[in-house]
Amino acid sequence: MVYHYTAGGPLESCVKWFQKKDGVSAHFVVGRDGQVVQMVKLCDRAWHAGRSAWRGVEEINHFSVGIEICNWGILKKKSDNYYCWPKDYSVIFNGDKPYKDKTGGYWESYPDKQIKSVTEITKSILKHFPTIALDDIVGHEHIAPGRKPDPGPAFPWDAVKSELKKWLDGGASVDDTQELKPSEIKEDTKQTVIEDREDFNLDDEEFINQIKKKSSDRKGSNPWLKDIFSSILNFLFKHIKKN
Ligand SMILES: [Zn+2]
């Protein structure tokens, strides 16, 4: 499982960017308010890792889940303002108080709501793919060191890993009471599924309405987990056929 930051702004613009951009994709995109958009089915390969290696194995895209977290990443401070990278750091950054790393560098921080969604997606995936070890939940920076900095020092690895560990130690993989309830998902993180690479070509307001419509179309079930189930079935089916 690979966490990234998008080096971009709001969820809708990040999603649009992925829809337009050839050769780059991720399974999930998580907005700053915790809203989640699934862009690629788990049985399909997404193009998020690039040149990469982990535990001596290369080409991480072949066997990983990519989660993109909306965040500008590196910020630069000039006098009293912070700037993000577009136009060579001439765009003023208007977000929350930046995170300052040990070397004095600045990074956009991650809101609690967003981190909660990342953790909840991870739990759901671990539930269905229990062979993923905690140590194999990594950042792009770990599988492409020196080439990629995301999700960077502002990402709260300790908090996320300890929450996941606590959840796993509590028997999460076998205890259904720990399972996310569809209603909780709807209210807390508003998970939404968007069909693979569907070209919306809409302005922002229409895009949001489209998302809302899609969630209400699928009321009564958790479209997101349903998609995971069908992904697993597809995966098993392909695998069984191959062997
Ligand atoms: Zn990345």
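K77 stands opposite Y82 in β8, so let's start with the strands around that pair in this predicted model. 

**The hairpin**

Strand β7 covers residues 74-78 and strand β8 covers residues 81-84; the two run antiparallel and are joined by 3 bridges. Together β7 and β8 form a hairpin, with 2 residues between them. One residue to look at in that turn is S79, which sits in the loop between β7 and β8. Its phi is near 45 degrees, a positive value in a residue other than glycine. Is S79 buried or exposed? S79 is exposed, because 4 other C-beta atoms lie within 10 Å, and a residue counts as exposed with 12 or fewer.

**The rest of the sheet**

The hairpin belongs to something wider: 5 strands form an open sheet, with antiparallel pairing, in the order β9-β8-β7-β11-β10. Which strands are at the edges? They are β9 and β10 (99-100), each of which pairs on one side only.

On one side of the hairpin, β8 pairs with strand β9 (residues 91-92). On the β7 side, the partner is strand β11 (residues 106-107). Here are three of the strand pairings, each with residues that stand opposite each other:

| Strands | Bridges | Opposite residues |
|---|---|---|
| β7 and β8 | 3 bridges | K77 and Y82 |
| β8 and β9 | 2 bridges | Y83 and I92 |
| β7 and β11 | 2 bridges | L75 and Y106 |

**Another positive phi**

Y89 also has a positive phi, near 55 degrees, and is a residue other than glycine. Where is Y89 found? Its place is in helix α2, which takes in residues 86-89. Y89 is partly exposed, because 16 other C-beta atoms lie within 10 Å; that count falls between the cut-offs of 12 for exposed and 20 for buried.

**A helix with a buried face**

Now for helix α1, residues 11-20, where L11, E12, C14, V15 and F18 are buried. Why do these residues line one face of the helix? Looking down the axis of α1, you see the buried residues fall within an arc of 165 degrees, so they line one face.

**A cis bond**

Last stop: D150 and P151 are joined by a cis peptide bond, with an omega of about 5 degrees. To find P151, look in the loop between α4 (140-143) and α5 (157-169).

Key:
Residues numbered from 1 in each chain as written. Predicted model: local features only at pLDDT ≥ 70, side-chain atom pairs only at ≥ 80, totals over all residues. Helix = DSSP H or I, 4+ residues; strand = E, 2+ residues; numbered from the N terminus. Arc of directions from axis to C-beta. Pairing = 2+ DSSP bridges.
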